[in-house]
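Trainee: I have a two-chain model open and want to learn to read its domains and overall form. Where do we begin?

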Amino acid sequence: MRQELPMILAFIVGILMIVSFFFTSETLGEAARTVENWGVIVAAFALGLASINLIQIHAKKITRGKGLDWLYSGALLFSMIGMAVLGIAKGPTHPTYQFWFDALFVPGQATVYAMTGFFIASAAYRAFRIRNLDSAILLVSAAILMLANVPVGEKIWSQFPAMGEWLMNVPNLAGQRGMLIGAGIGGIASGIRVLLGIERTYLGGSGS
Amino acid sequence: MTLVKGRVFTFWLLIIVVGCILYSMRRVSKGKEVSIRKIPGLDAIEEAIGRATEMGRPVHYCPGIGGISAVEAPQTFSGLAILNYVARLTARFDVPLIVTIRQPEVFPMAEETVRQAYLEEGRSDAYDPSNIRFLSSQQFAYAAAVFGIMSREKPAANLMFGAFWAEALMLAEVGAEVGAMQITGTAQLSQVPFFVASSDYTLIGEELFAAAAYLSGDSNQIGSIVGQDMAKLIVVFLIVVGVVTRSFGSTFFEELLSK
């Protein structure tokens, strides 16, 4: 019963969502919206569970006091609990809550995102080293695309922008659409396996 | 109750695709012999975990950063199915497995998947719940936390299967910096090039969805992969029909699609 009940629920809810997507029915639409709302509530409980895991792991690190780990874990727990208390007491729109969010969290996120540029450079260096025909084609295509997208490229040769456009719209788009169709059908097959309970590793266990 | 306008063709196409998949599953489960092509990325997982065992370093696994209720849900389920296989191997080889999670609702599923895998391998004593870690529901906070874990714990294998966005390249590059053997897979088209550039093996698009069936060896599941190929043939046929009819100036097919 431990696996059967969740499987039956997944099947009923999955079929309901599919039918409500394709058919016009106020009753079905209402039922689907209700289930979606339940999903939000379950996700909120899951966040509570995940937060407990986070607190347990970092509390353990603080008590162990190994290296600088305890300091990082302390900072995490302090900011997490502090913001939670502030948010519950004053609300997430309160200026103090907003100040700490905007002053610490937003720049932190932006900083990590900004690092993408450097990661692209190092990945590109490795990918573009000519080791075989594939990487040689990759290097030439990338060089043309780069030249097509910078003003100096057009000054060097007026056809670079047109070549870049062709690369993006013909070989690149053809490959992408092929992958998209394959992934779409693969997603449907994966959904069927989950709905029919054939694939159930997500419930724990071997799954078949 | 009528079909929503604009979704009629999609509905019938879905019925045909589902029919192909169910038919193939039935045929294969009845004993029809089929062979599916090798997926090198999945075959390399054992090698990566073996390498981690020899080096005495952990394995890092991420089932993507997508949830279980949106369009990327099948990728998350595939990520969890591969996690089951990986956890069995790490239990067998006695190598620590660190699973990092971004979505809170995926956390209990990942925890249960790993726990059950260790239990079924008879290694429940080796299961460490503190290695299944929820880090943050915020994308870049999660990414920053994974950077830290990778830098401190230096995994010998970095396995990432599921839905990824802008953090994909960052995580894979940090994995490369710490010398981890990297096997990745995603159906997010914009992230596939980044994974290809920075990983040893990459599962592209549909390979990720086929992974669970491929690893299980279950005839029903393998049948669904055969069904996928049948459905692809139908789509190819529709594309050819579309190209031909449009080339002759007919809008019949476009009208049919928009019904």
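Mentor: Begin with domain separation. This is a predicted model. In chain A, the centres of domain 1 and domain 2, taken over C-alpha atoms, are 35 Å apart.

Trainee: How many residues does each domain of chain A bring to the contact?

Mentor: Domain 1 of chain A brings five residues, and domain 2 of chain A brings four residues.

Trainee: Which elements supply at least two residues each on the domain 1 side of chain A?

Mentor: Look at α1 (4–22) and α4 (95–114) of chain A; each supplies at least two residues to the side that touches domain 2. On that side of domain 1, α1(A) gives the most, with three residues.

Trainee: What classes of residue make up that side of domain 1 of chain A?

Mentor: Four are nonpolar and one is polar. No charged residues appear on the side of domain 1 of chain A that touches domain 2.

Trainee: Where are the domain bounds in chain A?

Mentor: Domain 1 of chain A covers 4–114, and domain 2 of chain A covers 116–195.

Trainee: And which stretches form the domains of chain B?

Mentor: Domain 1 of chain B joins two stretches, 8–30 and 222–257. Domain 2 of chain B is 47–215. The centres of these two domains of chain B lie 33 Å apart over C-alpha atoms.

Trainee: Next, secondary structure. What is the order of elements in chain A?

Mentor: Chain A has eight helices and one strand. From the N terminus, the order is α-β-α-α-α-α-α-α-α.

Trainee: Is chain A spread out or compact?

Mentor: Set the radius of gyration against the globule rule. For chain A the radius is 26 Å, while the rule gives 17 Å for 208 residues, so chain A is more spread out than a compact globule. Its C-alpha atoms fill a box of roughly 65 × 50 × 40 Å along the principal axes.

Trainee: What share of chain A is buried?

Mentor: Buried residues are 16% of the 208 in chain A. Then check sequence separation. Of the contacts in chain A between residues at least 6 apart, 17% join residues at least 24 apart.

Trainee: How many helices and strands does chain B have?

Mentor: Chain B has ten helices and seven strands. Its C-alpha trace spans about 65 × 45 × 35 Å along the principal axes.

Trainee: What are the burial and contact shares for chain B?

Mentor: Of its 259 residues, 54% count as buried. Among contacts in chain B with a separation of 6 or more, 72% come from residues 24 or more positions apart.

Technical notes:
Residues are numbered from 1 along each chain as its sequence is written. Chains are lettered from A and ligands numbered from 1 in the order in which they are written. This is a predicted model: local features need pLDDT of at least 70, side-chain atom pairs count only at pLDDT 80 or more; totals for chains, interfaces and linings use all residues. Domain bounds come from an automatic or database domain assignment. Two residues are in contact if their C-beta atoms, placed from the backbone, lie within 7 Å. Helices (H or I, at least four residues) and strands (E, at least two) are DSSP runs, numbered from the N terminus. Ala, Val, Leu, Ile, Met, Phe, Trp, Tyr, Cys and Pro count as nonpolar, Asp, Glu, Lys and Arg as charged, and the others, Gly among them, as polar. The radius of gyration is taken over C-alpha atoms; the globule rule is 2.2 Å times the number of residues to the power 0.38. A residue is buried if 20 or more other C-beta atoms lie within 10 Å of its own, exposed if 12 or fewer, and partly exposed in between; C-beta atoms are placed from the backbone.
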